[in-house]
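Me: Please take a close look at one part of this predicted model, the strands and what lies around them. I should like a single connected account.

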Amino acid sequence: MLWNVDRTLVDVTIVLRDAYAAAFREVTGRPLVRLAPARGRPDSEVIFETLALNGVVAEDDHLPAFTEALARAFADRRDRIAAQGRAMPGAREALAAVARLEGTVQSVLTGTIRSNAVLMLGAFGLTEAGGGSDVPGGMRTTAVLDGDEWVINGTKAFITNSGTAITGVIAVAAITGTRPGPDGPRPEISTILVPSGTPGLTVSRKYSKVGWNASDTRELSFTDCRVPAANLLGERGRGYAQFLQILDEGRIAIAAVAVGLAQGCVDESLAYAKQRRAFGHAIGEYQAIQFKIADMAARAHTARLAYYHAAAKMLAGEPFKKEAAMAKLVASNAAMDNARDATQIFGGYGFMNEYPVGRFYRDAKILEIGEGTSEVQRMLIARELGLPALC
Ligand SMILES: Cc1cc2nc3c(=O)[nH]c(=O)nc-3n(C[C@H](O)[C@H](O)[C@H](O)COP(=O)(O)OP(=O)(O)OC[C@H]3O[C@@H](n4cnc5c(N)ncnc54)[C@H](O)[C@@H]3O)c2cc1C
């Protein structure tokens with residue numbers, strides 16, 4: 001079962017790999033590094049790791065052009081939206097995931113899709129300034145039905161893909177009422193689709209981030225922002241469940257990105273340790289360096305197995321919440337540890353931006369935060385193991 005994941009993903013990954021490579025070359029003028037399958041490595045692994053090794057998407061200044069080039073590559077493919085989501089694992093695949101969840105999104109968005117000559121990006125608006133881990137507790141955004149329109153008020157924080165030139169829609173989680181719960185009334189959360197440019201939606205400037213600079217992350221505010229009642233995604237009150245399901249899948253994607261980063265650290269360190277000399281020897285001859293690289297390789301390998309296992313369960317239609325949380329936890333940890341060790345192996349050069357390990361170092365940390373922090377993953381795993389939930 002474990003290895004079926006490669007066969008199931010193969011169509012998506014081959015198409016994506018080719019389109020991605022062409023778009024990358026068109027925009028940057030150079031080939032995508034480490035793209036070709038090597039020594040029998042499966043395509044799914046190669047594509048995910050390639051994405052991570054090249055930055056989340058491409059280099060910062062290339063983002064709009066790159067996205068458009070990629071979009072063109074998919075322009076006449078029916079799966080272009082899903083593929084685009086997959087192409088930007090760190091930047092979320094809200095639209096694709098939501099579309100898969102409900103199947104209704106296409107009709108709501110048809111106008112937006114058609115009006116966009118090439119493609120659009122979707123954003124996933126769950127987090128608010130008051131709390132990303134405690135989502136129902138920290139949520140303040142409301143949507144009230146007024147005739148045949150939703151009127152949305154509130155603010156969302158850290159929303160990826162929300163302000164690009166081709167952002168088409170934001171899936172916004174909002175409180176739409178209350179429902180009876182075991183401990184009294186609890187918020188009813190629904191997902192409402194807000195097309196970009198809707199009056200009342202304000203998209204703030206991009207955050208200045210430590211890493212993941214290629215992705216577009218912004219604060220959004222909604223002031224009496226009106227959208228048609230039909231923009232409710234799926235069933236009213238199912239919003240939280242929808243987002244939780246997306247997050248379970250997203251954790252596997254983040255784990256895959258983390259494995260790519262962790263493996264990139266191994267590859268770069270190995271090459272550098274063979275050529276960098278100190279005290280008359282290549283530093284790779286010293287056991288201290290060898291042990292570091294051996295540990296790094298072991299971390300990348302075990303993290304890879306963890307995300308393969310979670311992905312295989314997901315694709316087989318089996319419950320995978322625990323495995324996704326475990327994969328995300330260990331893989332992001334591996335990425336962070338490997339980035340620290342690789343930077344150390346590179347010495348002063350590791351701290352320079354022109355070497356990839358410097359970017360690995362900056363980009364690793366978000367993997368322990370986004371899509372649920374490491375603490376949240378531990379909470380989920382503990383719950384899945386039957387331990388009581390305090391919150
Ligand atoms: C670059 C970037 C992109 C993002 N993109 C998106 C996006 O597209 N859409 C979106 O909706 N969100 C997005 N996020 C938000 C992200 O999901 C949240 O930042 C994350 O879930 C953590 O929430 P928080 O920042 O509010 O931290 P908090 O929830 O305030 O947590 C602070 C600390 O407390 C810990 N903590 C909280 N509760 C507990 C507990 N019960 N036990 C132990 N420790 C606890 C956390 O683990 C963390 O260490 C993005 C964030 C970043 C940085």
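Reply: In the hairpin formed by strand 2 and strand 3, two residues lie between the strands, and Gly-147 adopts a positive phi near 65°. The model is a predicted one, and this description should be read accordingly. Strand 2 covers residues 142-146 and is joined to strand 3 by five bridges, the two running antiparallel. Beside the turn, Asp-146 has Glu-149 in strand 3 as its bridge partner.

Strand 3 also pairs with strand 7, which spans residues 217-228; the sense is again antiparallel, and the pairing extends over nine bridges. Within this pairing, Thr-155 is placed opposite Ser-221 of strand 7. Strand 3 is thus bridged both to strand 2 and to strand 7.

Strand 7 in turn is joined to strand 6, residues 201-206, through four bridges, and these two strands run antiparallel. Here Leu-201 faces Phe-222 of strand 7 as its opposite residue. Followed from one partner to the next, the pairings lead from strand 2 to strand 3, from strand 3 to strand 7, and from strand 7 to strand 6.

Strand 3 has a further role in the description, as a contributor to the surroundings of the ligand. With three residues, strand 3 gives the most to the shell around the ligand. That shell has 22 residues, of which Leu-126, Gly-132, Ser-133, Thr-373 and Glu-375 come nearest to the ligand. The elements that supply two or more residues are strand 1 (121-125), strand 3 (149-160) and helix 12 (374-384). Sorted by class, the shell holds 10 polar, nine nonpolar and three charged residues. Because domain 2 (121-237) and domain 3 (242-384) both give residues to this shell, the ligand lies between them.

Elsewhere in the chain, helix 9 offers a view of a helical element. Helix 9 comprises 29 residues, 287-315, and its first and last C-alpha atoms are 42 Å apart, close to the 42 Å expected at 1.5 Å a residue. Just after helix 9, Gly-317 takes a positive phi of about 75°. A glycine with positive phi is therefore found in the hairpin of strands 2 and 3, at Gly-147, and just after helix 9, at Gly-317.

For the setting of these parts, the chain as a whole contains 12 helices and nine strands. Of its 391 residues, 50% count as buried. Among contacts with a separation of 6 or more, 73% are between residues 24 or more positions apart.

Note on methods: Residues are numbered from 1 along each chain as its sequence is written. This is a predicted model: local features need pLDDT of at least 70, side-chain atom pairs count only at pLDDT 80 or more; totals for chains, interfaces and linings use all residues. The expected span of a helix is 1.5 Å times one less than its number of residues. A residue is near a molecule or strand if its C-beta atom, placed from the backbone, lies within 6 Å of it. Ala, Val, Leu, Ile, Met, Phe, Trp, Tyr, Cys and Pro count as nonpolar, Asp, Glu, Lys and Arg as charged, and the others, Gly among them, as polar. Domain bounds come from an automatic or database domain assignment. Two strands pair if DSSP finds at least two bridges between them. A residue is buried if 20 or more other C-beta atoms lie within 10 Å of its own, exposed if 12 or fewer, and partly exposed in between; C-beta atoms are placed from the backbone. Two residues are in contact if their C-beta atoms, placed from the backbone, lie within 7 Å.
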